[in-house]
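Colleague: Hi! Could you walk me through this model when you have a minute?
Modeller: Happy to, let me put it up.

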Amino acid sequence: MHASLHLFLAITAASASFAAADFAVDCKITTFPITVSSNNSDLTGDYDPNNATSIDAFVNQALNTGAVGNGGDVATKASLSISAQYCTPAGSRNLQNIQVLVHGNTCDRTIWDALGQSSLQKENYSYQRYFASRGYATLAIDMPGHGQSTFPDPNTIVQMPLEAAVINAITTSLRSKKNPLGVAFSKIAFVGHSYGSVTGVAAARLTPGFADALIMTGWSAYLPLPSPLLQLQMHSAALLFDRFKKLPLGYLTASNKTGHENIFFGGSFDPRIPETSFRLQSVMTCGEGGSIVTGLQPAPIYNGKVLVITGNDDILFCNAANGACVDQLSSSTALLPNATSFNTHVIPNTGHNFMLHNSKTDSFNQIQLFLDTNL
């Protein structure tokens with residue numbers, strides 16, 4: 001059922017309750033030790049992982065044609081330490097529901113907490129603090145090879161199939177008290193952003209019971225080629241910035257500040273934020289780029305509820321070359337064809353990193369309304 005109209009009409013009625021809720025917030029860092037298995041992509045014939053020029057050629061081919069990662073599958077297993085930030089209403093007890101937040105590429109979990117900057121937190125750019133102040137628990141995780149989590153091999157280990165397994169392992173642990181939080185949650189909403197949303201589709205296909213609801217932000221089923229990501233001028237992070245100098249060459253990041261702003265921002269935003277975002281950017285891996293097809297295939301068994309919320313000025317997932325944004329979002333039901341409900345919302349005057357735009361509170365309100373009525 002397509003319910004975007006109901007979602008739009010209900011937001012006005014719900015706005016008073018949003019304003020009324022205002023809890024103090026507790027946030028803490030925790031770690032999930034996990035061991036996961038997956039069938040990763042064999043990329044051995046695509047590039048030389050020890051040669052930066054070969055890696056550059058692989059990245060350019062992937063972003064221009066998408067024709068990479070055709071070497072078959074390799075059984076993969078990894079033991080990892082997954083760092084996460086857990087935020088709740090202060091002093092809360094008996095929490096029933098939780099949102100698990102998964103970032104995109106060249107980001108880490110701080111994208112959900114105003115880039116970890118207190119000044120931006122005070123200006124209400126923090127997704128986690130917004131929802132904790134309104135009674136929700138959130139867990140923002142650093143995916144493998146990002147933030148404070150384990151940095152495994154960027155070519156063979158940090159790939160989408162394994163990342164989908166990581167998400168499933170964490171959500172499974174949250175359904176009992178046998179997790180670092182010591183809390184068993186009845187309902188779990190997966191909230192992805194960008195590549196994190198694509199990974200959510202992969203998880204929904206491979207382990208369809210991993211979440212009760214999906215909220216896909218900065219996402220649609222449509223990716224233009226050649227990719228606008230070419231503007232980032234991605235290269236081996238170790239050769240670009242001192243803070244990444246110990247990483248293997250298969251960890252990549254953006255070298256072009258202007259391209260970073262063009263990709264992640266659009267419409268109405270504080271012009272100071274792209275500079276901070278570029279300065280604090282994280283990485284992605286060759287393995288992620290070579291395995292993204294895992295999240296571009298339908299997940300026909302998943303039957304939970306879905307909200308897709310993407311900015312009208314998002315040139316990655318609502319690119320004008322693929323038609324009207326509203327049509328791209330509604331047609332994306334093809335990847336989740338048996339969802340109980342499939343809601344969509346286009347955010348006006350907003351680019352890819354929606355939580356760092358002037359429309360942030362309206363976007364958070366839309367997501368809260370979906371959660372209040374569907375979880």
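Colleague: Which residues of α5 are buried?
Modeller: In α5, the buried ones are Met160, Pro161, Leu162, Glu163, Ala164, Ala165, Val166, Ile167, Ile170, Thr171, Ser173 and Leu174. Buried means under 20% relative accessible area, exposed means over 50%, and partly exposed is in between, with a 1.4 Å probe and protein chains only. Helices (H or I, at least four residues) and strands (E, at least two) are DSSP runs, numbered from the N terminus.

Colleague: Anything I should know about the source?
Modeller: This is a predicted model, where local features need pLDDT of at least 70 and side-chain atom pairs count only at pLDDT 80 or more, while totals for chains, interfaces and linings use all residues. Residues are numbered from 1 along each chain as its sequence is written, and side-chain values use heavy atoms, leaving out hydrogens and water.

Colleague: Back to α5, then. How many of its residues are buried?
Modeller: 12 of the 15 residues of α5 are buried, so α5 is largely enclosed by the rest of the structure.

Colleague: And what span should α5 have at 1.5 Å a residue?
Modeller: The 15 residues of α5 should span 21 Å, and its end C-alpha atoms are 21 Å apart, which agrees. The expected span is 1.5 Å times one less than the number of residues in the helix.

Colleague: At what angle do α5 and α6 cross?
Modeller: The axes of α5 (residues 160-174) and α6 (residues 195-206) cross at roughly 75 degrees and come within 9 Å. Those axes are lines fitted to C-alpha atoms, for helices over the stretch in contact, and angles run from 0 to 180 degrees between N-to-C directions. The two helices are therefore roughly perpendicular to each other. For the wording, angles under 35 degrees count as roughly parallel, over 145 as roughly antiparallel, 65 to 115 as roughly perpendicular and the rest as oblique.

Colleague: Which residues make that contact?
Modeller: From α5 there are Met160, Glu163, Ala164 and Ile167, and from α6 there are Tyr195, Val198, Thr199, Ala202, Ala203 and Leu206. Contact here means heavy atoms within 4.5 Å. By class, the contact has eight nonpolar residues, one polar and one charged. Ala, Val, Leu, Ile, Met, Phe, Trp, Tyr, Cys and Pro count as nonpolar, Asp, Glu, Lys and Arg as charged, and the others, Gly among them, as polar.

Colleague: What covers the buried residues of α6?
Modeller: The cover includes β3, α5, β5, β6 and α9 (286-290). α6 is mostly covered, with 10 of its 12 residues buried.

Colleague: Okay, sheets now. What order do the eight strands take?
Modeller: The order is β1-β2-β4-β3-β5-β6-β10-β11, in an open sheet with mixed pairing. At the edges are β1 (25-41) and β11 (341-347), each pairing on one side only. Two strands pair if DSSP finds at least two bridges between them.

Colleague: Where do α5 and α6 lie on those strands?
Modeller: α5 lies across β1, β2 (73-89), β3 (97-102), β4 (137-141) and β5, at about 130 degrees to β1. α6 lies across β3, β5 and β6, running at about 135 degrees to β5.

Colleague: How many bridges join β5 to β6?
Modeller: Five bridges join β5 (residues 187-193) to β6 (residues 213-217), and the two run parallel. One residue to look for is His193, whose bridge partner in β6 is Thr217.

Colleague: And β10 with β11: how many bridges there?
Modeller: Seven, joining β10 (residues 305-311) to β11, again running parallel. Val306 has Phe342 of β11 as its bridge partner. Six of the seven residues of β11 are buried, so β11 is largely enclosed by the rest of the structure.

Colleague: What about the sheet of three strands: what is its order?
Modeller: That open sheet has the order β7-β8-β9, with antiparallel pairing. β7 (234-236) and β9 (284-285) stand at the edges with a single partner strand each, so one side of each is left without a neighbour in the sheet. Helix α2 (residues 52-65) packs on this sheet and touches β7 and β8.

Colleague: Last topic, backbone oddities. Which peptide bond is cis?
Modeller: The one from Leu225 to Pro226, with omega near -5 degrees. Pro226 is in the loop between β6 and β7.

Colleague: What is phi for Ser194?
Modeller: Phi of Ser194 is near 60 degrees, a positive value in a residue other than glycine. Ser194 is in the loop between β5 and α6, and at 10% relative accessibility it counts as buried.

Colleague: And Gln233: buried or partly exposed?
Modeller: Gln233 counts as partly exposed, at 41% relative accessibility. Its phi is near 50 degrees, also a positive value in a residue other than glycine.
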